[in-house]
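Welcome! Take a moment to turn the structure around on your screen before reading on. The notes below will walk you through it topic by topic.

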Amino acid sequence: MSSQAPGPAESAAGSSYTQRFADRYDAWFGKERLTTDTVDFLVRLIGSGAALELGVGTGRIALPLARRGVRVEGVDASPDMVARLTAKPGGDGIPVTIGDFTRLPADGRTVDVVFVAGGTLFELPTQEDQLRCFRHAARLIGTDGAFVLDAIVPEVLVDPKWSKARVVRNRSEDLVVLHRLFDRAAQRYDSHYVITPADGSDDEHVHVSFRYAGVGELDLMARAAGLELRERYGNWAGSPFRDGCPYHVSVYRPGR
Ligand SMILES: C[S@@+](CC[C@H](N)C(=O)[O-])C[C@H]1O[C@@H](n2cnc3c(N)ncnc32)[C@H](O)[C@@H]1O
């Protein structure tokens, strides 16, 4: 079940990886352990409430959430990714709006939890887009809800040790090698994935651009949107967030 939101979503809808690789997204980028941890975390947080996923994609998270009894909706700019979601069993039962999640109409609706996962926040190309995302989330969760996001910790990942090309463990038999290239001056990085399919077909190259922000900048964007940080973990399994963690999961709520 999908509907169309007004307004363009050029950055994501025009993104070549969602158009070209939607059918292989789950196999290449879906990691079972990570997905299970993410779903468990969100089930605990959402409880009997309702949730909205920004950048719902192929439903990697939304579908198992719905199967666990959570009321969840999504928004995504890519019709190709959403087509994968709706083609899956139960996918048609998840309401999805096609559009840019930084430009959602203000219709007065609220949900208990808004979340953006899979590193999607940094796909927004500018600080202004990311700030607008926080503002939309703040409006959508009203006075009692929560906004949850996951992101890399750029100060850790710019270290050459992490920036080297490495094999990504995933659900497929294909060999997926990731190389992240940082431009520290522009506060951007590009993930280049070279995929060697197990069936012997030609290598594929997937390229995704990100605009990164450290935890301090994210927390400040949250404050500018009227939110404050309440919880921060080193991963979706809820490990403590410590010096050296390459990743974080952060929970924001309306400021007191
Ligand atoms: C990396 S995928 C993550 C999908 C899903 N959240 C997951 O974790 O599997 C990012 C998704 O966000 C969508 N997206 C990126 N920027 C967007 C925007 N501004 N508005 C709507 N969707 C966007 C892309 O189309 C893509 O489906």
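**Meet Y189 and its surroundings**

Leaving aside residues up to four places away in sequence, Y189 touches I152, R180, L181, F182, V208, S209, F210 and Y212. Keep in mind as you look that this is a predicted model. Let's start with this one residue, then visit the ligand, and finish with the chain as a whole.

**Y189**

- Y189 belongs to strand β9, which covers residues 188-196.
- Is Y189 buried or exposed? Its relative accessibility is 4%, and because buried means under 20%, Y189 counts as buried.
- One of the residues that Y189 touches is V208. These two are 19 residues apart along the chain, and their C-alpha atoms are separated by 8.6 Å.

**The ligand and the residues around it**

- How many residues are around the ligand? There are 22, and E53, G55, R60, D76 and D100 come nearest.
- Sorted by class, this shell is made up of 10 nonpolar, 7 polar and 5 charged residues.
- G55 uses its backbone here: one of its polar backbone atoms is 2.7 Å from a nitrogen atom of the ligand.
- R60 takes part through its side chain, where an N or O atom is 2.8 Å from an oxygen atom of the ligand.
- Y25 also offers its side chain, with a polar atom that lies 3.1 Å from an oxygen atom of the ligand.
- How much of the ligand does the protein bury? Taken alone, the ligand exposes 600 Å², and the protein buries 98% of that.

**The chain as a whole**

- If you trace the fold from end to end, you will pass through 10 helices and 12 strands.
- The chain is as compact as a globular protein of its length, because its radius of gyration of 17 Å is close to the 18 Å that the globule rule gives for 256 residues.
- Along its principal axes, the C-alpha trace spans about 50 × 40 × 35 Å.
- What share of the 256 residues counts as buried? The share is 50%, and Y189, which you met above, is one of the buried residues.
- Take the contacts between residues at least 6 apart in sequence: 62% of them join residues at least 24 apart.
- On the outside, the chain exposes about 11,900 Å², and carbon and sulfur atoms supply 50% of that area.

Notes. Residues are numbered from 1 along each chain as its sequence is written. This is a predicted model: local features need pLDDT of at least 70, side-chain atom pairs count only at pLDDT 80 or more; totals for chains, interfaces and linings use all residues. Side-chain values use heavy atoms; hydrogens and water are left out. A residue is near a molecule or strand if one of its heavy atoms lies within 4 Å of it. A polar contact is a pair of N or O atoms within 3.5 Å; within protein, one must be able to donate a hydrogen and the other to accept it, and residues adjacent in sequence count only if both atoms are side-chain atoms. Accessible areas come from the Shrake-Rupley method with a 1.4 Å probe; for residues, only the protein chains shown count as cover. Ala, Val, Leu, Ile, Met, Phe, Trp, Tyr, Cys and Pro count as nonpolar, Asp, Glu, Lys and Arg as charged, and the others, Gly among them, as polar. Helices (H or I, at least four residues) and strands (E, at least two) are DSSP runs, numbered from the N terminus. Buried means under 20% relative accessible area, exposed over 50%, partly exposed in between (1.4 Å probe, protein chains only). Contact means heavy atoms within 4.5 Å. The radius of gyration is taken over C-alpha atoms; the globule rule is 2.2 Å times the number of residues to the power 0.38.
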